[in-house]
Structures are given as C-alpha cells and as structure tokens.
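The following exercises concern a pocket and a helix packing. Work through each task with the sequence and the structure at hand, then compare with the solution.

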Amino acid sequence: MGYSKSTKADTHARIVSVAAKRFRERGLEGIGVADVMKEAGVTVGGFYKHFGSRDELVVEALATAFKDLDVWEQHTADMAQLLQDYLTEAHRDAPGTGCAMGALLGDVTRASKSARALYTERVKRSVAFTSTLVPSNQRGDKRGRALLILSALLGAINLSRAVSDSNLSREILHGVREELIGLFSPTPEV
C-alpha cells in the first residue's frame, strides 16, 4: 500500500521545515539526517524517497528559511524598523526561527556550491531590498550603504550570540542598532 502524492508532499514539507529550523539552530553540520527525520516523524529509510542527497535537503531547507526573510521584508516599512526589529534580544535568542543568513553565515562558507549559490542569491536580494530603505537624500552609493548595513547586521547578531557575557551581548545589539540608526536616519533637507 503506497502513500498518496498529497501525503508524500506533506511529509516532504515537514522534513524540510524541521531541517530549516534545526540547521539555523545547530548549523549545517550540527544535526544529522537521522535526527531530522526522527523529529519529522519519518523513518531514516524514507529519506531517499524525498531527497537525492543530504545536500539537496540542505538547499531546500535554506530556500524555506529564506522565505521567512521574504515575509519579514514585506512587513518592513523603513530603515529604523529594519534595524529595530533585527538587532533584538528576541532575534538573538531564537536562531531557529530567525534570519538564516545570520544563523548560517559561518557554515555556508564551507557548504556545497549549490548551497553557496542559493545563499549568494539571498544576499543579493537582501542588499537590493536594504538599498531601497536607504534615505535618498543621503550622499553616497545606496548599494554600498546597503552592503554596510547588511554586514553590520549579520556581524552584530552573530557577535551577540557568540559572547558569553549577557551584558556585552545586549550592548552589541543596542550599540550597533543605535549607531546605524544615527548613520542612516533621513537627514532633513536644507
């Protein structure tokens, strides 16, 4: 007795969803296929009914995690909101549901070509989005400023997660957020 296509699709989506969350929490090498499958409620033997390789799962999980960024960007009205929403203790403490670019920054440098290509496309999208939020009345290259902002956001969230001192972690988030808001606030036209 086989499974319906609908059941297989639901199971596939569940596996990818678990992987997207766990990879962000533990890194690309921090959780194995067996653990992902178990958490998804599927036997390990069923893995190859859904994926050709572990890398295929990684790429699909990244794509799913990046959809969360698409939704987040759709609800971001301006630069201040972007900075205030991203550099928070809540985001720092929830990497499994947070920004996959930040959570997997170090891991992707050692990932497969296909995973790195997908990550690269996401970076390009985020740079383009961020550049739309750079106030137009500021001097300079909007794309360059967007790269600066993205680099600062990813660096600050990762640094705040890496340090063991909770006060320093909060200081990193708050300090970088406030400095960026000061740098990228619209300047009044004279």
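**Exercise 1.** State the volume of the second largest pocket in this predicted model, and determine which helices supply its lining.

*Solution.*
Step 1. The volume of the second largest pocket is about 180 Å³.
Step 2. Its lining consists of Asp68, Leu69, Trp72, Asp85, Tyr86, Ala90, His91, Ala94, Thr97, Gly98 and Cys99.
Step 3. At least two lining residues come from each of α4 (54-74), α5 and α6 (89-92). With three residues, α4 gives the most.
Step 4. By character, the lining residues of this pocket comprise six nonpolar, three polar and two charged.

**Exercise 2.** Describe how the axes of helix α5 and helix α10 are arranged, and give the handedness of their crossing.

*Solution.*
Step 1. Two packed helices are described by the distance between their axes and the angle between them.
Step 2. For α5 (residues 79-86) and α10 (residues 142-162), the axes come within 11 Å and cross at roughly 15°.
Step 3. Angles under 35 degrees count as roughly parallel, and α5 and α10 are therefore roughly parallel to each other.
Step 4. The crossing of these two helices is right-handed.

**Exercise 3.** Which residues make the contact between α5 and α10, and how do they divide into nonpolar, polar and charged?

*Solution.*
Step 1. On the α5 side, the contact is made by Met79, Leu82, Leu83 and Tyr86.
Step 2. On the α10 side, Ile149, Leu153, Leu154 and Ile157 take part.
Step 3. The residues of this contact are eight nonpolar, with no polar and no charged ones.
Step 4. Tyr86 belongs to the contact with α10 and also lines the second largest pocket.

Technical notes:
Residues are numbered from 1 along each chain as its sequence is written. This is a predicted model: local features need pLDDT of at least 70, side-chain atom pairs count only at pLDDT 80 or more; totals for chains, interfaces and linings use all residues. Side-chain values use heavy atoms; hydrogens and water are left out. Axes are lines fitted to C-alpha atoms, for helices over the stretch in contact, and angles run from 0 to 180 degrees between N-to-C directions. Helices (H or I, at least four residues) and strands (E, at least two) are DSSP runs, numbered from the N terminus. Angles under 35 degrees count as roughly parallel, over 145 as roughly antiparallel, 65 to 115 as roughly perpendicular and the rest as oblique. A crossing is left-handed if the near helix is turned anticlockwise from the far one by less than a right angle, and right-handed if clockwise. Contact means heavy atoms within 4.5 Å. Ala, Val, Leu, Ile, Met, Phe, Trp, Tyr, Cys and Pro count as nonpolar, Asp, Glu, Lys and Arg as charged, and the others, Gly among them, as polar. On a 1 Å grid over the protein atoms alone, a cavity is a set of points where a 1.4 Å probe fits but cannot get out, and a pocket is an open set with protein on both sides within 12 Å along at least five of seven lines; lining residues have an atom within 4 Å of a point. Grid points are joined across faces, edges and corners, and a volume is the space filled by probe spheres set on the points.
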